[in-house]
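Colleague: I have the coordinates open and would like to go through the fold with you. Could you take me through the strands, and after that the rings and the empty spaces?

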Amino acid sequence: MPRTARALTSCLAVLALAACTSSGGADDAATPTLAPAPAGISASLAPAETPECLPAGTATVTTGSADDPTLVSFTGGGTKGVLLAPQNQGDACQWADELARLAGEGYLVASFGWSADGEESFLAAVDVLRSLGATGIALVGASKGGTYAAAFADELAPVAVVALGPPAAFDGQDAQSASSSYDGPLLVIASTDDSSVGVDSSEAVARADDPSTFLELSGSAHGVALLESEHREQVQQAIDDTIAAGFAV
């Protein structure tokens with residue numbers, strides 16, 4: 001049986017709307033109570049081919065508009081969800097290592113590819129996590145993904161938000177902390193010499209009155225490239241700490 005079919009077979013919960021793990025087990029014996037999906041988005045899940053770049057045990061579905069569907073890949077299990085939002089025109093392959101790492105830490109982790117409608121893709125991916133049983137979700141995004149994570153924090157009430165090199169605005173989405181009432185755990189990480197998004201733009205996503213929400217690192221790595229830089233371990237630890245703080249509340 002092909003790898004994708006095995007993954008989907010072991011995760012029949014996709015279609016039953018219950019949580020599953022990459023090994024086929026569940027953290028909870030009973031199907032968890034599902035949190036309500038974001039307004040206007042309804043998960044209509046169809047099994048899809050999982051990109052070869054993703055770790056074993058990952059399953060993939062399509063959701064959203066039939067004309068321009070969003071491909072959402074997920075792994076892990078439990079009720080603690082983490083959404084990894086890619087950079088502009090990116091997909092789940094950008095987050096392959098983090099999908100495996102965070103699933104290994106006990107989270108239900110998903111990523112996706114952007115459709116032409118960024119808002120629809122982002123909200124649909126959140127909806128998939130909720131449908132799989134996530135009762136709390138941490139939003140982690142790189143560049144455009146970080147902008148969306150911060151911009152939708154008011155609406156989605158995530159347990160935590162982490163943004164790697166986010167522009168303060170993108171696709172009409174305003175990620176500035178001054179425009180948001182979200183007061184949960186927040187961390188913005190940016191490189192001093194990032195030539196794609198100025199460090200000042202990223203800093204505007206952090207809280208001006210809380211220096212702990214902004215981490216500036218040396219170098220020019222942008223977005224997901226921070227996870228391939230000399231600061232990789234520091235960035236991963238910062239992500240872990242922020243997510244853990246959110247779920248501890």
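Modeller: Gladly, and please keep in mind that this is a predicted model. A good place to begin is the pairing of S6 with strand S7 (residues 160–164), which is parallel and runs over 5 bridges.

Colleague: Which residue stands opposite Ala 163 of S7?

Modeller: That is Gly 141, which faces Ala 163 across the pairing.

Colleague: And which sense does the pairing of S4 and S6 have, parallel or antiparallel?

Modeller: S4 and S6 run parallel and are joined by 6 bridges, and within that pairing Leu 83 has Leu 139 of S6 as its bridge partner. S4 also pairs with strand S5 (residues 108–112), again in the parallel sense, over 4 bridges, with Leu 84 bridged to Ser 111 of S5.

Colleague: How does the chain get from S4 to S5?

Modeller: The chain passes through helix H3 (residues 96–104) on the way from S4 to S5, and this β-α-β crossover is right-handed.

Colleague: Is S4 itself mostly covered or mostly open?

Modeller: Strand S4, which spans residues 80–85, is mostly covered, with 5 of its 6 residues buried.

Colleague: Zooming out, what is the order of the strands in the sheet?

Modeller: The sheet is open, has 9 strands with mixed pairing, and follows the order S1-S2-S3-S5-S4-S6-S7-S10-S11. Its edge strands are S1 (46–47) and S11 (214–217), each of which pairs on one side only.

Colleague: Switching to rings now, how many aromatic pairs does a search of the whole structure find?

Modeller: The search finds 7 aromatic pairs. One of them joins Phe 112 and Trp 114 in an edge-to-face arrangement, at 4.9 Å centre to centre and with 80 degrees between the planes, and both Phe 112 and Trp 114 are buried. Tyr 148 and Phe 152 form a stacked pair, with 5.9 Å centre to centre and 25 degrees between the planes.

Colleague: Why does Tyr 148 count as buried?

Modeller: Tyr 148 counts as buried because its relative accessible area is 2%, the cut-off being under 20%. Phe 152 counts as buried as well, at 4% relative accessibility.

Colleague: Which residues do the ring pairs link into a cluster?

Modeller: The cluster consists of Phe 112, Trp 114, Phe 122, Tyr 148 and Phe 152, linked by ring pairs.

Colleague: Let's move on to empty space; how many cavities of 30 Å³ or more turn up?

Modeller: The search of the whole structure returns 1 cavity of 30 Å³ or more, and the largest cavity holds about 30 Å³ of space. Its lining is made by Val 126, Arg 130, Ile 137, Leu 139, Leu 156, Ala 157 and Pro 158, and the elements that give two or more residues to this lining are helix H4 (118–131) and strand S6 (136–142). By class, the lining residues of the largest cavity divide into 6 nonpolar, no polar and 1 charged.

Colleague: And the largest pocket, what volume does it have?

Modeller: The largest pocket has a volume of about 150 Å³, and the elements that give two or more residues to its lining are H3 and helix H8 (232–248). H3 gives the most, with 3 residues, while the lining as a whole includes Trp 95, Asp 97, Leu 227 and Arg 232.

Colleague: How does the lining of that pocket divide by residue class?

Modeller: For the largest pocket, the lining divides into 5 nonpolar, 2 polar and 4 charged residues.

Technical notes. Residues are numbered from 1 along each chain as its sequence is written. This is a predicted model: local features need pLDDT of at least 70, side-chain atom pairs count only at pLDDT 80 or more; totals for chains, interfaces and linings use all residues. Side-chain values use heavy atoms; hydrogens and water are left out. On a 1 Å grid over the protein atoms alone, a cavity is a set of points where a 1.4 Å probe fits but cannot get out, and a pocket is an open set with protein on both sides within 12 Å along at least five of seven lines; lining residues have an atom within 4 Å of a point. Grid points are joined across faces, edges and corners, and a volume is the space filled by probe spheres set on the points. Ala, Val, Leu, Ile, Met, Phe, Trp, Tyr, Cys and Pro count as nonpolar, Asp, Glu, Lys and Arg as charged, and the others, Gly among them, as polar. Buried means under 20% relative accessible area, exposed over 50%, partly exposed in between (1.4 Å probe, protein chains only). Two strands pair if DSSP finds at least two bridges between them. A crossover is right-handed if, with the strands pointing away from the viewer, the path from the first strand over the helix to the second runs clockwise. Rings of Phe, Tyr and Trp (its six-membered ring) pair if their centres lie within 6.5 Å; planes under 30 degrees apart count as stacked, over 60 as edge-to-face and the rest as tilted.
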